[in-house]
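I opened a fresh notebook page for a structure I had not looked at before. Here is what I looked up, in the order I went.

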Amino acid sequence: MPRPRVPHRRERILDAAESLILIHGFDGVSIAAIAAHGGIGKGAVYLEFAGKHAILDELLRRAMGRVRARVQESVGDDPRLSTAYRAAARAVLSDRLVTAAFLDDQGVLGRHAETVSDARYRVRHRAVVEWVRMLKRQGQISADVVPEHLALALSSATIGLLSAARLIGPIGPHDLEGAIDALGAMAATFERG
């Protein structure tokens, strides 16, 4: 007789992994530890995920979904560029995993960041380009702004924030909030009325 499936197994794995990664960092967590913390067998983890990197990828997707939902709730369906950046700062800081990823806190991402070879950053950048184009069509952005140029500046600033802690030293949550707020203020210079 087959063993009964653990209810909400995938979510239990993700919750356990997020908790452990926030404490020990990605490199300090094993599949066995995740399984034990989630109260399930190690084999069950592999039924849901190919390995530790797949778990962290899903954790980051899930965390960014939480951030997007908070931003959406805060700014509604028709956000101004500057308002969206300011709301994003508050949303990022309200999510420990995303904040840890931005700040490279406790080496949360560890060596995982070096293994990312897909086009996720290009995809996100194209989404920013489309968003800026939409804002321009709606008349929210100055007519003389080239959407591709503004999107590249915004994407570069965001990617720079992601790597700043690793490259220039520790950054605290207050500094991160201030930096994103400054980006919001800079973005406001491109807005109409």
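**Entry 1: a lysine to start from.** This is a predicted model, and I kept that in mind throughout. I picked K136 and asked which residues it touches, leaving out those up to four places away in sequence. K136 turned out to contact I141, S142, A143, V145 and P147. For P147 I also looked up the spacing: its C-alpha atom is 7.6 Å from that of K136, and the two are 11 residues apart along the chain. K136 sits in helix α8. Its relative accessibility is 28%, so K136 counts as partly exposed, since that class lies between the 20% and 50% cut-offs.

**Entry 2: another residue of the same helix.** I stayed with α8, which covers residues 120-137, and found R122 there. Is R122 buried or exposed? R122 is exposed, because its relative accessible area is 53% and the exposed class begins over 50%. I then paired R122 with L20 and noted 30 Å between their C-alpha atoms, with their places 102 residues apart in the sequence.

**Entry 3: stepping back.** I wanted the whole picture next. The protein has 10 helices and zero strands, and read along the sequence its pattern is α-α-α-α-α-α-α-α-α-α. Along the principal axes, the C-alpha atoms fill a box of roughly 65 × 40 × 30 Å. There are 193 residues, and 39% of them are buried. I also looked at contacts between residues at least 6 apart in sequence: 68% of these join residues at least 24 apart.

**Entry 4: the core.** A general point to carry along: in soluble globular proteins, nonpolar side chains tend to be buried together. Here, the largest nonpolar core holds 51 residues, and I21, I34, I55, L59 and L81 touch the most other members. Which helix gives the largest share of this core? It is α4, residues 52-75, with eight residues. I followed L59 a little further: beyond residues up to four places away in sequence, L59 touches L14, A17, E18, I21 and L97.

**Entry 5: α4 against α5.** Two packed helices are described by the angle between their axes and the distance between the axes. For α4 and α5 (residues 81-93), the axes come within 9 Å and cross at roughly 130°. That angle makes α4 oblique to α5. The crossing of α4 past α5 is right-handed. On the α4 side I listed V67, R70, V71, S74 and V75, and on the α5 side T83, A84, A87, A88, R90, A91 and V92. By class, these contact residues are eight nonpolar, two polar and two charged.

**Entry 6: α5 against α10.** How do α5 and α10 pack? Their axes are 7 Å apart, at an angle of about 170°. Because angles over 145 degrees count as roughly antiparallel, α5 is roughly antiparallel to α10. From α5, the contact residues include L81, Y85, A89 and L93, and from α10 they include P173, L176, I180 and L183. The full contact of α5 with α10 has 12 nonpolar, two polar and four charged residues.

**Entry 7: a last look at α10.** D175 is found in α10, which spans residues 173-188. With 47% relative accessibility, D175 counts as partly exposed. Its C-alpha atom is 28 Å from that of L135, 40 residues away along the chain.

Definitions and conventions:
Residues are numbered from 1 along each chain as its sequence is written. This is a predicted model: local features need pLDDT of at least 70, side-chain atom pairs count only at pLDDT 80 or more; totals for chains, interfaces and linings use all residues. Side-chain values use heavy atoms; hydrogens and water are left out. A nonpolar core is a set of buried Ala, Val, Leu, Ile, Met, Phe, Trp, Tyr and Cys residues joined through side-chain atoms within 4.5 Å. Buried means under 20% relative accessible area, exposed over 50%, partly exposed in between (1.4 Å probe, protein chains only). Helices (H or I, at least four residues) and strands (E, at least two) are DSSP runs, numbered from the N terminus. Contact means heavy atoms within 4.5 Å. Axes are lines fitted to C-alpha atoms, for helices over the stretch in contact, and angles run from 0 to 180 degrees between N-to-C directions. Angles under 35 degrees count as roughly parallel, over 145 as roughly antiparallel, 65 to 115 as roughly perpendicular and the rest as oblique. A crossing is left-handed if the near helix is turned anticlockwise from the far one by less than a right angle, and right-handed if clockwise. Ala, Val, Leu, Ile, Met, Phe, Trp, Tyr, Cys and Pro count as nonpolar, Asp, Glu, Lys and Arg as charged, and the others, Gly among them, as polar.
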